[in-house]
Amino acid sequence: MERIETLFLAKDVRFYDELESTNDKLKSLLSAETCPEGLIVKADYQSAGRGQRDSQWHSPKSENLLMSLLLYPKFLSAEKQFDLNKIIALSIFTLLDDLGIDQVKIKWPNDVYVEKKKISGILIENGLKGTKVADSIIGIGLNVNTINFPDSLKKQTCSLATELGRNFDVNEVLFRLVKNIEQYYLLLRAGKSKGIHQQFESRMLGFQEDRKFILPDGSHMIGRITGLDSSGRLIVDVDGSEHFFRNKEIQFTF
């Protein structure tokens, strides 16, 4: 494997055969030692991997990318913390696009899809200090080499291997992804949040399309995603009226 060089991310990568959760392991390291920005924890297998809505992340051992990245985005205000979700999703989008995968979309707030199938999930846990983000633990699951998914997932899940018909070196995928993250992170740190926001919006699943959504009470709503507000809330136009939704306040239907 040829390691792709970065400026400051992934200079310290801790590899583990098995962990309950890479995010939890990174949190324990952060509380026990002085950790450099860019530290990565990677596991071949997670026994308690999780995603949004407390869902489990299915991944056979050694087949996929399971990692957590530590950032210290102290330049970022707490109200702008969703900007981190944007740059991670865009980094994954760029990786998939560069590999030649078509129909890649970012499913707000934290997933990446190929057409109607999920290929990657993001779980970000931020530590706040006053009005700033002191530290950010960014968990990423990316399906790389799995081709046989459980029956309950096969119609809604895919991988690099299923889309491109070949296997990949998981560590090479890691470093290619981290290179993308570093580039977007530097743009964010340089104050280029407007361009990042526009990129994210334009790549969102359902952007400027009429779609059916499910609300927490189980009712359905038809609306058009018109963008995000500054805090990352989804803006949905329903019959000419704007509605704003946070995570877990609305679900997509397919």
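Begin by selecting strand β6 (residues 117–129) together with strand β7 (residues 132–142), which pair in the antiparallel sense over 10 bridges. Within that pair, pick out N126, which stands opposite S136 in β7. The model on your screen is a predicted one, and everything described on this tour should be read with that in mind.

Widen the selection to the sheet to which these strands belong. It is an open sheet of seven strands, in the order β1-β2-β3-β7-β6-β5-β4, and its pairing is mixed. At the edges lie β1 (13–16) and β4, each of which pairs on one side only. Neighbouring strands of this sheet are turned by 20° against each other on average, direction ignored.

Now go to the β4 end of that order and display strand β4 (residues 104–107) with strand β5 (residues 111–114), which run antiparallel and are joined by four bridges. The two strands form a hairpin with three residues between them, and K105 can be found opposite Y113 in β5.

Next, add the helices that pack on this sheet. Helix α1 (residues 22–32) lies across β1, β2 (40–43), β3 (65–71), β6 and β7, and it runs at about 30° to β3. Helix α2 (residues 82–98) also packs on the sheet, where it touches β3, β4, β5, β6 and β7, and its direction makes about 150° with that of β6.

From here, move to F168, whose place is in the loop between α3 (160–164) and α4. Is F168 buried or exposed? Its relative accessible area is 11%, under the 20% cut-off, and F168 is therefore buried. To see what surrounds F168, leave aside its neighbours within four places in sequence and select L99, V144, N145, L160, A161 and V173, with which F168 is in contact. For a distance check, F168 and V41 are 127 residues apart in sequence and 19 Å apart in space, C-alpha to C-alpha.

One residue in that contact list, V173, is also among the buried residues of α4, so let the next selection be the whole of that helix, residues 170–189. At 1.5 Å a residue, its 20 residues should span 28 Å, and because the end C-alpha atoms are 28 Å apart, the model agrees with that expectation. At the N-terminal end of α4, D169 acts as a cap, with a side-chain oxygen lying 2.9 Å from the backbone nitrogen of N171. Colouring by burial would pick out, among others, F175, L177, I181, Y185 and L188, and the buried set also includes the polar or charged side chains N180 and E182. After α4 comes G191, whose phi is positive, near 85°.

Keep α4 displayed and add helix α5 (residues 193–202), which packs against α4 at an angle of about 130°, with the two axes 8 Å apart. The two helices are therefore oblique to each other. At their meeting, Y184, L187 and L188 in α4 face S193, I196 and Q199 in α5 as contact partners.

For the last stop, select the other open sheet, whose five strands have the order β11-β10-β9-β8-β12 with antiparallel pairing. Its edge strands are β11 (241–245) and β12 (251–252), each pairing on one side only. Zoom in on strand β10 (residues 234–238), which pairs with β11 in the antiparallel sense over five bridges, and finish at I235, which stands opposite F244 in β11.

Key: Residues are numbered from 1 along each chain as its sequence is written. This is a predicted model: local features need pLDDT of at least 70, side-chain atom pairs count only at pLDDT 80 or more; totals for chains, interfaces and linings use all residues. Side-chain values use heavy atoms; hydrogens and water are left out. The expected span of a helix is 1.5 Å times one less than its number of residues. Buried means under 20% relative accessible area, exposed over 50%, partly exposed in between (1.4 Å probe, protein chains only). A polar contact is a pair of N or O atoms within 3.5 Å; within protein, one must be able to donate a hydrogen and the other to accept it, and residues adjacent in sequence count only if both atoms are side-chain atoms. Two strands pair if DSSP finds at least two bridges between them. Axes are lines fitted to C-alpha atoms, for helices over the stretch in contact, and angles run from 0 to 180 degrees between N-to-C directions. Angles under 35 degrees count as roughly parallel, over 145 as roughly antiparallel, 65 to 115 as roughly perpendicular and the rest as oblique. Contact means heavy atoms within 4.5 Å.
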